[in-house]
Each structure stands twice: as C-alpha cells, then as structure tokens.
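This report goes through one protein model, from a single charged residue to the whole chain. The sequence and structure come first.

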Amino acid sequence: FPGISLPLSLPPRPPFSPYTQWGQKHVIPAAYWRDPSKLDAYLATSVLLPYMNNEIEHELFDQVRENFTGLDNVVLLASPVDGVINPYQSAHFGFFADGQSSKVLPAEKFAWYKGIGLDVMEAENRVHYRTCEVEHVHFIHHDDGFECFQQTWLEFLGTPLSA
C-alpha cells in the first residue's frame, strides 16, 4: 500500500530519513512510506513498497502480478478517520500526486495500477472498495470497527466472525 504515517517521535539520532539504510532497517513504517516529494530516493532505497507495488522492474515482477491477479477477489477497506494510513485513500491504492502532499489521485493514475494487475481485476469486477468511519486501531477491537469489518466479511465470505 502506498502510504502509512511515520511515527511522530523517533529515538535520538542524527537527522532521520526513511530512505537510508538505517531507516529502512530500523523503522518498519519507513519501508511502507512513499514520499511524494522524494520519489527518486524512495525508488532507489526503499526495500519493500516499490517491489510489492511493482513500481519498478525486479526479478519477481511477473510473480507479484500473477499472485495478485490470481486472487478471486480483493476487498479494500479504508477509513477517512483512520489516523494511521495517510492518505486514507491509499488503502484503496490511491495516493498523493507526485510532488504533492495534499492532492490525492486514484489508483489508475499510478504505475502500480497496471503493475500489480488492478486494471485487470477491476475490468473483471474483482476489486471491491469499502469505506468505514472508524479509527485504524478500532477496526477489530471496537464495536463500530468490528461491525464494519463484520459486514464486509459477511458480504464476501458469508460466515460470521466471532467477537
């Protein structure tokens, strides 16, 4: 997924950048952050997200696409009040426009849309977008979050979850 917010406070160290060897190794969310103002550094040093999203060519590019498009369906659940996923639309594979930190574009405007096969899956009606008004930490362990998750689960799997 394109975005996850970095922690607000970091251990005392020299100036921190998520696109350093130290940042990629020691700050797990750094591997999930695509900084729209530092795309060159992101693509050159990020150890996870550009590969997961097939934004760059790599030896497992075809396998990543085959694995994703091999799913029967993909259900993407987002929340405008999430508080962790930033922007929240990245849970639907949307993200900030390149060089921007406020304008959000839909998935089809980015390389990963075709890279992972979202284009194929959407054409076959196998991508399902859902939105809930619930904070990230409450998706499972809070009544509102559990209800939203349960409704989505039932819609696609038909078997109730136990609380």
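R34 is buried in this predicted model, with a relative accessible area of 6%. Because the cut-off for buried is under 20% relative accessible area, R34 falls in that class at 6%. The residue sits in the loop between α1 (21-26) and α2. Two polar contacts of the R34 side chain can be listed. One goes to the side chain of E55, at 2.9 Å. The other joins the side chains of R34 and D98, at 3.4 Å.

The contact with D98 is also a salt bridge, with an N to O distance of 3.4 Å. This pair links distant parts of the chain: D98 is in the loop between β2 and β3 (104-105), R34 is in the loop between α1 and α2, and 64 residues separate them. How exposed is D98? D98 counts as partly exposed, at 48% relative accessibility, whereas R34 counts as buried.

**Salt bridges**

Across the whole structure, a search finds five salt bridges. Side chains of opposite charge can pair when their charged atoms come close. Three of the bridges are set out here, with the N to O distance of each.

| Pair | Distance (N to O) |
|---|---|
| D98 and R34 | 3.4 Å |
| R65 and D119 | 3.9 Å |
| R130 and E155 | 2.4 Å |

Consider R65 and D119, whose side chains meet in a salt bridge. R65 lies in helix α4 (residues 61-69) and D119 in helix α6, so the bridge ties together parts that are 54 residues apart in sequence. R65 is partly exposed, with a relative accessible area of 24%. D119 is partly exposed as well, at 22%.

The side chains of R130 and E155 form another salt bridge. Here too the pair links distant parts of the chain, with R130 in strand β4 (residues 127-131), E155 in helix α7 (residues 143-157), and their positions 25 residues apart. R130 has a relative accessible area of 23% and is partly exposed. E155 counts as partly exposed at 46% relative accessibility. Salt bridges with shared partners also join R34, E55 and D98 into one network.

**Nonpolar core and surface patch**

In soluble globular proteins, nonpolar side chains tend to be buried together. Which residues have the most contacts inside the largest nonpolar core? They are F68, F93 and L118, in a core of 19 residues. The elements that give two or more residues to this core are α2 (39-45), β1, β2, α5 (111-115) and α6 (118-123). Leaving aside residues up to four places away in sequence, F68 touches V74, F93, I116, L118 and M121. Two of its partners, F93 and L118, are named with F68 among the residues with the most contacts inside the core.

On the surface, I28, Y32 and M52 make a nonpolar patch of about 270 Å². Y32 has its place in the loop between α1 and α2, and R34 is found in the loop between these helices too. Y32 is partly exposed, with a relative accessible area of 31%. Patch members need over 30% relative accessible area, so Y32 meets this cut-off at 31%.

**The loop residue Q89**

Q89 is found in the loop between β1 (74-78) and β2 (95-96). Is Q89 buried, exposed or partly exposed? Its relative accessible area is 25%, and Q89 is therefore partly exposed. Q89 touches G94 and V104, with residues up to four places away in sequence not counted. Q89 and S79 are 10 residues apart in sequence, and their C-alpha atoms are 7.9 Å apart in space.

**The chain as a whole**

The protein has seven helices and four strands. From the N terminus on, the order of elements is α-α-α-α-β-β-β-α-α-β-α. Buried residues make up 38% of the 163 residues. Of the contacts with a separation of 6 or more, 51% are between residues 24 or more positions apart. The accessible surface comes to about 9,600 Å², and 54% of this area belongs to carbon and sulfur atoms.

Key: Residues are numbered from 1 along each chain as its sequence is written. This is a predicted model: local features need pLDDT of at least 70, side-chain atom pairs count only at pLDDT 80 or more; totals for chains, interfaces and linings use all residues. Side-chain values use heavy atoms; hydrogens and water are left out. Buried means under 20% relative accessible area, exposed over 50%, partly exposed in between (1.4 Å probe, protein chains only). Contact means heavy atoms within 4.5 Å. A nonpolar core is a set of buried Ala, Val, Leu, Ile, Met, Phe, Trp, Tyr and Cys residues joined through side-chain atoms within 4.5 Å. A polar contact is a pair of N or O atoms within 3.5 Å; within protein, one must be able to donate a hydrogen and the other to accept it, and residues adjacent in sequence count only if both atoms are side-chain atoms. Patches are made of residues with over 30% relative accessible area and no salt bridge: like charges are joined within 9 Å, nonpolar side chains (Val, Leu, Ile, Met, Phe, Trp, Tyr) within 5 Å. Accessible areas come from the Shrake-Rupley method with a 1.4 Å probe; for residues, only the protein chains shown count as cover. A salt bridge is a side-chain nitrogen of Lys or Arg within 4 Å of a carboxyl oxygen of Asp or Glu.
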